[in-house]
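Hi,

Here is the structure I said I would pass on. Have a look at it first, and my notes follow underneath.

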Amino acid sequence: QVQLVESGGGSVQAGGSLRLSCVASGYIYRVDIAGWYRQHPGEPRELVATITGGGNTMYADSVKGRFTISRDNAKNTVYLQMNSLKPEDTAVYYCNIRGELVSFHEFDSWGQGTQVTVSS
């Protein structure tokens with residue numbers, strides 16, 4: 001299967017920036033879509049941003065113009081650049097990648113989550 005390891009979370013003041021990274025390991029043949037999600041305490045997980053295998057991106061309205069999702073195929077890594085952070089961005093952020101293995105089996109993997117805390 002595919003394992004995802006996230007990093008880059010932490011504490012920052014409002015207006016600051018963080019960059020999250022998600023490194024995938026495994027015998028990946030193709031990535032169909034990669035995304036970042038977040039979960040506020042007591043609330044369901046919500047979509048933040050996605051990037052398709054073709055490079056098309058999509059963002060939640062709450063982060064448009066502030067967050068940027070990107071990927072480095074050579075490094076099997078997906079990034080989330082977060083600028084102009086607000087206290088309401090405080091959450092646990094999760095990486096998700098879906099695609100196909102070299103064995104031609106589909107996969108749908110999640111990272112362990114990384115905490116982002118924005119103070120006012």
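To start with the pocket: which strands each supply at least two residues of the lining of the largest pocket? They are strand E4 (28–39), strand E5 (46–52), E7 and E8. Before I go on, please keep in mind that this is a predicted model.

The largest pocket has a volume of about 230 Å³. Its lining is made up of 16 residues, and Ile 28, Val 31, Arg 71, Asn 73 and Asn 76 are the ones closest to the centre. E4 is the top contributor to this lining, giving five residues. By residue type, the lining splits into eight nonpolar, five polar and three charged.

Now the open sheet. Four strands make it up, in the order E1-E3-E8-E7, with antiparallel pairing. The edges are strand E1 (3–7) and strand E7 (67–72); each has a single partner strand, so one side of each has no neighbour in the sheet. From one strand to the next, the twist averages 15 degrees.

At the E7 edge, the pairing with strand E8 (residues 77–82) is antiparallel and runs over six bridges. Two of the pairs are easy to pick out on screen: Ile 69 has Leu 80 in E8 as its bridge partner, and Ser 70 stands opposite Tyr 79 in E8. E7 and E8 form a hairpin with four residues between them, and in the turn Asn 76 has a positive phi of about 50 degrees. Asn 76 also turns up in the pocket, as one of the lining residues closest to the centre.

E4 is worth following as well, as it pairs with E9 and with E5. Ten bridges join E4 to E9, and the two run antiparallel. In that pairing, Val 31 has Gly 99 in E9 as its bridge partner; Val 31 is also among the lining residues closest to the centre of the largest pocket. Towards E5, E4 is joined by six bridges, again antiparallel. Here Trp 36 is matched with Ala 49 in E5. The hairpin of E4 and E5 has six residues between the strands, and Gly 42 in this hairpin takes a positive phi near 75 degrees.

Next, the disulfide. The structure holds one, formed by Cys 22 and Cys 95, with their sulfur atoms 2.2 Å apart. What does it tie together? Cys 22 lies in strand E3 (residues 18–25) and Cys 95 in strand E9 (residues 91–101), so the link joins parts that are 73 residues apart in sequence. E3 is one of the four strands in the open sheet, while E9 is the strand that ten bridges join to E4. The torsion about the S-S bond of Cys 22 and Cys 95 is about -80 degrees, which makes the disulfide left-handed. Are these cysteines buried or exposed? Cys 22 counts as buried because its relative accessibility is 0%, and Cys 95 is buried too, at 0% relative accessibility, where the cut-off for buried is under 20%.

A few backbone details in the loops are also worth a look. Most residues other than glycine have a negative phi, so a positive value is something to check. Ser 84 is not a glycine, yet has a positive phi of about 50 degrees. Ser 84 sits in the loop between E8 and E9 and counts as partly exposed at 40% relative accessibility. Phe 104 is another case, with a positive phi near 70 degrees in a residue other than glycine. You will find Phe 104 in the loop between E9 and strand E10 (106–110). With a relative accessible area of 57%, Phe 104 is exposed, since exposed means over 50%.

One last loop residue: Ala 14, between strand E2 (10–13) and E3. Ala 14 has a relative accessible area of 44%, so it is partly exposed. Its C-alpha atom is separated by 16 Å from that of Gly 65, which is 51 residues away along the chain.

Cheers

Definitions and conventions
Residues numbered from 1 in each chain as written. Predicted model: local features only at pLDDT ≥ 70, side-chain atom pairs only at ≥ 80, totals over all residues. Heavy atoms only, no water. Pairing = 2+ DSSP bridges. Axes fitted to C-alpha atoms, helices over the stretch in contact; angles between N-to-C directions. Disulfide = S-S within 2.5 Å. Buried < 20%, exposed > 50% of the residue type's maximum accessible area, 1.4 Å probe, protein only. 1 Å grid on protein atoms, 1.4 Å probe; cavity = no way out; pocket = protein on both sides within 12 Å on 5 of 7 lines; lining within 4 Å. Points joined across faces, edges and corners; volume = space filled by probe spheres on them. Nonpolar A, V, L, I, M, F, W, Y, C, P; charged D, E, K, R; others polar.
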